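I opened the notebook and went through this model one topic at a time. Here are my entries, in the order that made sense to me.

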Amino acid sequence: MKHLLSKNLLTEEKVMFYRENGFVQIDNVLNLEEISELRTYLDEVMDENNGLSIQTDTKGGAYYKVLNQRVNTWRDHAGMARYVSHPRLASIALQLSGVSGVRLFHDHALLKMPGDSKPTPWHQDFPYWPLNKETSKKTLSIWIALDDVDENNGCMMFLPKSHEVGQLKPINLVDPEDIFEYTKSSSIPDKTPVIVRMKAGSCTVHSGLTFHHAHANKTNKPRRALVIIYMPDGTTYNNKPHVITDPLNLAKDEKLQHGIFPLLAFR
Ligand code: SIN
Ligand code: NI
């Protein structure tokens with residue numbers, strides 16, 4: 001499907017900001033009806049026990065305290081699939097990355113649960129993924145808030161321009177190394193993070209290399225977010241084990257163009 005830029009959502013200014021800083025906030029990507037529908041679908045899919053989506057950890061686990069995470073919700077719920085493959089969102093990914101086509105890599109439901117909640121440590125996403133690094137700068141995640149978010153329930157924080165540092169080691173999210181130790185001698189001019197408070201239905205977009213963090217959830221309700229991860233058409237597999245690619249028996253450097261990585265937008 002070919003999609004034109006939604007002018008109201010994504011101005012040229014936003015595109016420039018994203019390219020310069022490695023992240024951007026876009027308000028109201030979903031309307032009230034869509035928010036309510038997607039919340040229902042998300043709650044339903046989190047209860048799915050026998051499907052193809054992957055629950056990373058169970059209640060009480062160390063990872064669960066950081067994130068109650070379910071990977072590839074779209075594989076178990078046609079409603080989730082509709083949003084994960086939504087042309088409006090894929091079009092944003094296409095315009096921001098500037099590539100000729102974007103494929104779905106995967107989605108995550110990311111809930112920060114109330115109770116014994118831990119922050120999401122500062123990290124880059126790309127080092128976790130089994131993708132060759134040629135396309136690292138052009139991979140991106142759209143993080144859609146399904147609840148209003150601020151410092152009290154786990155809104156996102158970004159370090160502007162950190163995507164220019166390149167790929168670092170993966171950070172262990174339950175026993176984190178300090179990513180800033182790796183960048184002591186680097187050229188990030190200003191290490192002041194940006195806190196992104198948003199209303200439900202708004203989103204942030206960050207590149208696979210941008211440093212980001214989220215606060216612990218100190219409220220008594222879950223913080224719900226849907227994250228959709230896109231990669232440029234032509235992205236190849238680097239042969240590292242990964243929960244999404246393992247079942248596919250891919251060859252090293254094979255292009256990720258299987259049915260579970262659909263081309264969602266192109267120009
Ligand atoms: C979070 O939702 O807490 C973290 C999201 C991310 O790491 O992309
Ligand atoms: Ni991340």
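**Entry 1: ground rules and N68**

I began with contacts, and I count a contact when heavy atoms lie within 4.5 Å. The model is predicted, so I kept to its limits: local features need pLDDT of at least 70, side-chain atom pairs count only at pLDDT 80 or more, and totals for chains, interfaces and linings use all residues. Residues are numbered from 1 along each chain as its sequence is written, chains are lettered from A and ligands numbered from 1 in the order in which they are written, and side-chain values use heavy atoms, with hydrogens and water left out.

Which residues does N68 touch? Leaving aside residues up to four places away in sequence, I found M46, Q55, A109, L110, L111 and M113. I then looked at the side chains of N68 and Q55, and a polar contact of 2.7 Å joins them. For a polar contact I need a pair of N or O atoms within 3.5 Å; within protein, one must be able to donate a hydrogen and the other to accept it, and residues adjacent in sequence count only if both atoms are side-chain atoms.

Is N68 buried or exposed? N68 counts as buried, at 7% relative accessibility. My cut-offs are under 20% relative accessible area for buried, over 50% for exposed and partly exposed in between, with a 1.4 Å probe and protein chains only.

**Entry 2: strand β3 and its neighbours**

N68 lies in strand β3. I take helices (H or I, at least four residues) and strands (E, at least two) as DSSP runs, numbered from the N terminus. In a regular strand the side chains alternate between the two faces of the sheet. In β3 (residues 68-71) I saw N68 and R70 point one way and Q69 and V71 the other way, and all are buried.

Next I checked pairing, for which DSSP must find at least two bridges between two strands. Strand β2 (residues 54-55) runs antiparallel to β3, and two bridges join them. I54 has V71 as its bridge partner in β3. Strand β4 (residues 101-112) also pairs with β3 in the antiparallel sense, over four bridges. There, Q69 stands opposite L110.

**Entry 3: the nickel ion**

Which protein atoms are donors to the nickel ion (ligand 2)? I found H123 (NE2), D125 (OD) and H212 (NE2), lying 2.0 to 2.1 Å from the ion. Donors here are N, O and S atoms within 2.8 Å of the metal (3.2 Å for Na, K and Ca); water is not among the atoms, so sites may look incomplete. Along the chain the donors follow the spacing H-x1-D-x86-H. H123 sits in strand β5 (residues 120-123) and H212 in strand β10, so this pair ties together parts that are 89 residues apart in sequence. I noted both histidines as buried: H123 has a relative accessible area of 5%, and H212 has 4%.

**Entry 4: aromatic rings**

I searched the whole structure and got eight aromatic pairs. In F17 and F23 the ring centres are 5.4 Å apart and the planes stand at 90°, so I logged the pair as edge-to-face. My rule is that rings of Phe, Tyr and Trp (its six-membered ring) pair if their centres lie within 6.5 Å; planes under 30 degrees apart count as stacked, over 60 as edge-to-face and the rest as tilted. F17 is partly exposed at 36% relative accessible area, whereas F23 is buried at 3%.

F180 and F211 have ring centres 6.0 Å apart and planes at 75°, so they are edge-to-face. This pair links distant parts of the chain, 31 residues apart: F180 is in helix α6 (residues 179-182), and F211 is in the loop between β9 (203-207) and β10 (212-214). F211 is buried, at 0% relative accessibility. I also noted a cluster in which ring pairs link F105, F126, W129 and F261.

**Entry 5: cysteines and helix α5**

How many disulfides does the structure hold? I found zero, taking a disulfide as a pair of cysteine sulfur atoms within 2.5 Å. C155 is in no disulfide, and its nearest cysteine sulfur, that of C203, is 14 Å away. C155 is buried, with a relative accessible area of 0%, and C203 counts as buried at 0% too.

Last, I looked at helix α5 (residues 87-97), which is mostly covered, with nine of its eleven residues buried. Among them are L89, I92 and L96. Just after α5, G98 takes a positive phi of about 75°.
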